[in-house]
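Okay, thanks everyone, let's get going. I'll put the structure up, and then I'll talk you through it piece by piece.

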Amino acid sequence: MNKGDDTFKKIIAHCKEYGFIFPSSEIYDGLSAVYDYGQNGTELKNNIKEYWWKSMVQYHENILGLDTAIFMHPTVWKASGHVDAFNDPLIDNKDSKKRYRADVLIEDHVARIEEKINKEVAKAAKRFGETFDEEMFKKTNPRVIANREKIEVINKRFVASLEAEQLDDIRALIEELEIACPVSGSKNWTDVRQFNLMFSTRMGSASDGATEVYLRPETAQGIFVNYLNVQKTGRKKLPFGIAQIGKAFRNEIVARQFIFRMREFEQMEMQFFVQPGQEKEWFEYWKQERMRWHLALGMPAEMFRIHEHEKLAHYANAAIDIEFEFPFGFRELEGVHSRTDFDLAAHQKFSGKKLQYFDPETNESYIPYVVETSIGLDRMFLAIVSNAYREEKLEDGSERVVMNIPPALAPVKVAVLPLMKKDGLPEKGREIFDALKYDFLCQYEDKDAIGRRYRRQDAIGTPYCITIDHQTLQDNTVTIRERDSMQQERIPVDKISSVVSSRIDIRPA
Ligand code: GAP
């Protein structure tokens, strides 16, 4: 097991132990790739949603919110291409009987070559010290060059085979790369087949009269079919955007890595409608904006990178992923896609309804182009908790686990802790709690030694602990302890709210 696997297991266990995430239907042994959010997870998730919603809808005059149904007319998915093209190439290992996504097997193989490059760079950086020029090293080191070429050849061949639907060649590539099944270790593979990822169900009572409907695999289509409703009732001119947060469902075959790849998940998507011809400019704009949003949370810049798509989705003319370094490596966190007029033109064709925008400045009607930003809420959650998890050895030799969650997103903002459960301290604590609960989500705790209570709050990422002691009864002051530094300072009771507010307020980017 490598260090990343070990840390990841600890994070999963921590999320369960401290009420962030539970396996779904756990008493029935769970349901694969479906999870429930616990009391702290729900708060963190709501805070992420609010941070995204404010930065999109509240801070942009020209972006409006929407909340559309999960069920949509089945023709929506025919028009969008999901019925015919929302497939994953699958391959089975004959010995373990396990099924894999062929693209993920190849992606993992490429990630291992990238890992070799990174190790080579790290070794050289150590050897050369301050004089090390990473870019120059990558351009000139023969082993790095050879490995980069290998990656390029693999990616090119894979994309070409997928685009030409040459599934035999994808199998051949897996065999040539000697990719082994992670479970059986064998290279005994079946043919590659395409598999549609949409869940379907039946709507209506009589089985013969019922219609087959799909659980939406993305929230975007609800925005497309409503764009003229919003544009007209909101009296918007191009460019303008529509944002939505909601559930999406995909019958993922290789559902693994905890909440990274789920069958039921949430997306935060924004479709930005622009004049045809301006989409590349807006694509660049949203790429930068979304990166700025992530960095404004204070997460380290080196944990993010941009991956340009080689194989574009059926609807896009340009696309990037914002990747994050999860404990199992760099993976997609968010996508920014230039979707052209693909979706609106297709809905116009399939519905027979005009979906053109009348431009009052040019006196012309046309179908707008769309730039989309799409982030998985659960993946954002995983990025935050995996970056936040820290095991620390303290000066006194004790240890703590602390969740270094950005304070604005922390589930509980303030814990109110009387030092002892006597001498009127609990009563004073309750009085402070009752005043603060209107400003922030607070917790009151008076059981156990104060050190153990601090540890429990550290473990859920509470940024501030207020301690009530005997001095509080004399001069109406408390100590406020900061989670990361563990520094304490004394402040008047009537200043707690403003001090905490000023420290947890981050304006979304
Ligand atoms: N509307 C465009 C779209 O859906 P996507 O790249 O398929 O694009 C967008 O998905 C985002 O949704 C991804 O970047 C990821 O964060 C999230 N996502 C996709 N599939 C997911 C899954 N099975 N589990 C959790 N999140 C997922």
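I'll start with the sheets, go on to the helices and the ligand, and finish with two single residues. One thing to keep in mind throughout: this is a predicted model.

So, the seven-stranded sheet. The strand order is β3-β9-β10-β16-β13-β12-β11, the sheet is open, and the pairing is mixed. At the edges you have β3, residues 63-66, and β11, residues 304-308, and each of those pairs on one side only. On average, neighbouring strands here are turned by 25° against each other, ignoring direction.

Let's go to the β3 edge. β3 pairs with β9, residues 240-249, in the parallel sense, over four bridges. If you want a place to click, take G65: its bridge partner in β9 is A243. And which helix packs on this sheet? That's α2, which touches β3, β9, β10 (264-274) and β16 (369-376). Its direction makes about 160° with that of β9.

While we're on α2, a bit more about that helix. It covers residues 39-58, so to speak its whole run is 20 residues. From first C-alpha to last, α2 reaches 27 Å, close to the 28 Å expected at 1.5 Å a residue. The buried residues of α2 are N40, G41, L44, K45, N47, I48, Y51, W52, S55, M56 and V57. You'll spot a lysine, K45, in that list.

Another helix that goes with these strands is α11, residues 342-351. Its buried residues are D343, L344, A346, H347 and Q348. What do they pack against? On the strand side, β10, β13 (329-340) and β16; on the helix side, α3 (74-79) and α9 (220-233). So to place α11 by eye, look for β10 and β16, which α2 touches as well. Right after α11 comes G352, with a positive phi, near 75°.

Next, the three-stranded sheet. This one is open too, in the order β5-β4-β6, and the pairing is antiparallel. The edge strands are β5 (99-101) and β6 (193-196), each pairing on one side only. The twist averages 45° from one strand to the next. Zooming in, β4, residues 87-92, is joined to β5 by three bridges, and L90 stands opposite R101 in β5. Then there's a helix on top of that pair: α5, residues 102-128, lies across β4 and β5, running at about 70° to β5.

Okay, the ligand. How many residues surround it? There are 21, and the closest are E218, R250, M262, E269 and E332. Some of the ligand's polar partners are backbone atoms. M262 puts a backbone N or O atom 2.8 Å from a ligand nitrogen. F260 has a polar backbone atom 3.4 Å from a nitrogen of the ligand. And for an oxygen of the ligand, look at G376, where a polar backbone atom sits 2.9 Å away.

Now over to the hairpin. β22 (477-482) and β23 (488-492) run antiparallel and are joined by five bridges. T477 has P492 as its bridge partner in β23. Five residues lie between the two strands, and M486 in that turn has a positive phi of about 65°.

That hairpin brings me to the first of my two residues, T479, which is in β22. Is T479 buried or exposed? It counts as buried, because its relative accessible area is 12% and the cut-off is under 20%. Leaving out residues up to four places away in sequence, T479 touches C465, I466, T467, Q488, E489 and R490. With Q488 there's a polar contact between the two side chains, at 3.4 Å. For a sense of scale, the C-alpha atoms of T479 and P300 are separated by 30 Å, with their positions 179 residues apart along the chain.

The second residue is D458, in helix α14, residues 450-460. D458 is buried as well, with a relative accessible area of 0%. So what does that aspartate's side chain pair with? It makes a polar contact with the side chain of R400, at 2.9 Å. Beyond its neighbours within four places in sequence, D458 is in contact with R400, V401, V402, M403, R481 and R483.

That's my tour, so let's have your questions.

Notes. Residues are numbered from 1 along each chain as its sequence is written. This is a predicted model: local features need pLDDT of at least 70, side-chain atom pairs count only at pLDDT 80 or more; totals for chains, interfaces and linings use all residues. Side-chain values use heavy atoms; hydrogens and water are left out. Two strands pair if DSSP finds at least two bridges between them. Axes are lines fitted to C-alpha atoms, for helices over the stretch in contact, and angles run from 0 to 180 degrees between N-to-C directions. Contact means heavy atoms within 4.5 Å. The expected span of a helix is 1.5 Å times one less than its number of residues. Buried means under 20% relative accessible area, exposed over 50%, partly exposed in between (1.4 Å probe, protein chains only). A residue is near a molecule or strand if one of its heavy atoms lies within 4 Å of it. A polar contact is a pair of N or O atoms within 3.5 Å; within protein, one must be able to donate a hydrogen and the other to accept it, and residues adjacent in sequence count only if both atoms are side-chain atoms.
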